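Dear colleague,

I am handing over the structure below, and after it you will find notes on what turned up when I went through it. Please read them with the structure open beside you.

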Amino acid sequence: MSEAVSALQGASYDGIAQVREIGLQGMITLRGDLGNTALKKAAAAATGQDMPGQRKANVKDDSGIAWMSPDELLILVPYDAVDARLEALGKALAKQHHMAVNVSDARAVFELSGGPVVREVIAKLCPVDMAVGAFGAGDFRRTRMAQVPAAFWMPDENSVRIVCFRSVAQYVFDLLKGAAAPGSAVGYLA
Amino acid sequence: MLILTCPYCGVTGEETEFHGGGEAHVKRFGPGSSDSEFRDYLFSKVNPKGVHFERWRHNNGCGKWFHAARDTMTLEVYGTYPAQTFEPPQEIKDAITAKRPGWSWREFS
């Protein structure tokens, strides 16, 4: 068996905030009718989390559900559990029109930590209002990070988790490094 | 810079998060139509100064297509609405009328 590795194999950087690629994270794209009871139950059973509302994410550690679009969820599970959860999802939704795909190795996940300054690091790269009150813990946003699509959420007030495509992992890491460079704090949001 | 609100995910974002998709409410003429109908469907687009209806896609977001009513002169956005419709909803028309009384665009007014 080949050994699974994440895009940047846990690369990290220390500036005004800490940037770290978190390594292997199991991810499942689930598309279907999000109002469907069976789908809600199956997603909750796979993650142990409740179904999130529009543009919200219910994530605890490496398990959770994020709202991607009116017909799409991103299901986060431990990397080793993906195949089993995917099979369970398929069984539970056998009678529903749906699509569930393992996208774990198609994406990269970064963690940005180091206090309220993480808001500024994100605000430098994304056209999103990162002010306290406009975006906070539990919110989820798909957007653009400089030139590439990305999505992020705040597990708590002092950190951000960012998901991007694996092919642009190095680009996103470099972006985050630049935005978190020592001495680059703006002091507007934090 | 346009500020658009995606009617599907509710995000209010600036235009770099979206991508323009040309004129809205274009009726398709495919197989079986006359040459002139097909020509007009492909090429005859309006380019108004003022009220305009366009298709947009939230490509750096939820990925859905939607419609936007905006002003090409002032860049004001009158409103956005889902793409599953043949004509602009009444509230969008009312919002335009409030700002531009007597407006018309193709068959709508």
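In this predicted model, helix α4 of chain A, which covers residues 169-179, lies across β1, β2 (18-21), β8 (107-113), β9, β10 and β11 of chain A, and its direction is at about 15° to that of β8(A).

Those strands belong to an open sheet of six, arranged in chain A in the order β1-β2-β8-β11-β10-β9 with antiparallel pairing. At its edges are β1 (12-14) and β9 (140-145) of chain A, each of which pairs on one side only. On average, and with direction ignored, neighbouring strands of this sheet are turned by 20° against each other.

Within the sheet, strand β10 of chain A (residues 148-156) and strand β11 of chain A (residues 159-165) run antiparallel and are joined by five bridges. If you would like a single pair to look at, A:W153 has A:R161 in β11(A) as its bridge partner.

The other packing I looked at is between two helices of chain A, α1 (residues 37-47) and α2 (residues 82-92), which meet at an angle of about 160° with their axes 10 Å apart. Because angles over 145 degrees count as roughly antiparallel, α1(A) is described as roughly antiparallel to α2(A), and the crossing of the two is right-handed. From α1(A), the residues A:A42, A:A43 and A:A46 meet A:R85, A:L89 and A:A92 of α2(A); sorted by class, this contact of α1(A) with α2(A) has five nonpolar residues, one charged residue and no polar ones.

With best wishes

How values were computed. Residues numbered from 1 in each chain as written. Chains lettered and ligands numbered in written order. Predicted model: local features only at pLDDT ≥ 70, side-chain atom pairs only at ≥ 80, totals over all residues. Heavy atoms only, no water. Pairing = 2+ DSSP bridges. Helix = DSSP H or I, 4+ residues; strand = E, 2+ residues; numbered from the N terminus. Axes fitted to C-alpha atoms, helices over the stretch in contact; angles between N-to-C directions. Contact = heavy atoms within 4.5 Å. Parallel < 35°, antiparallel > 145°, perpendicular 65-115°, else oblique. Left-handed = near helix turned anticlockwise from the far one by under 90°. Nonpolar A, V, L, I, M, F, W, Y, C, P; charged D, E, K, R; others polar.
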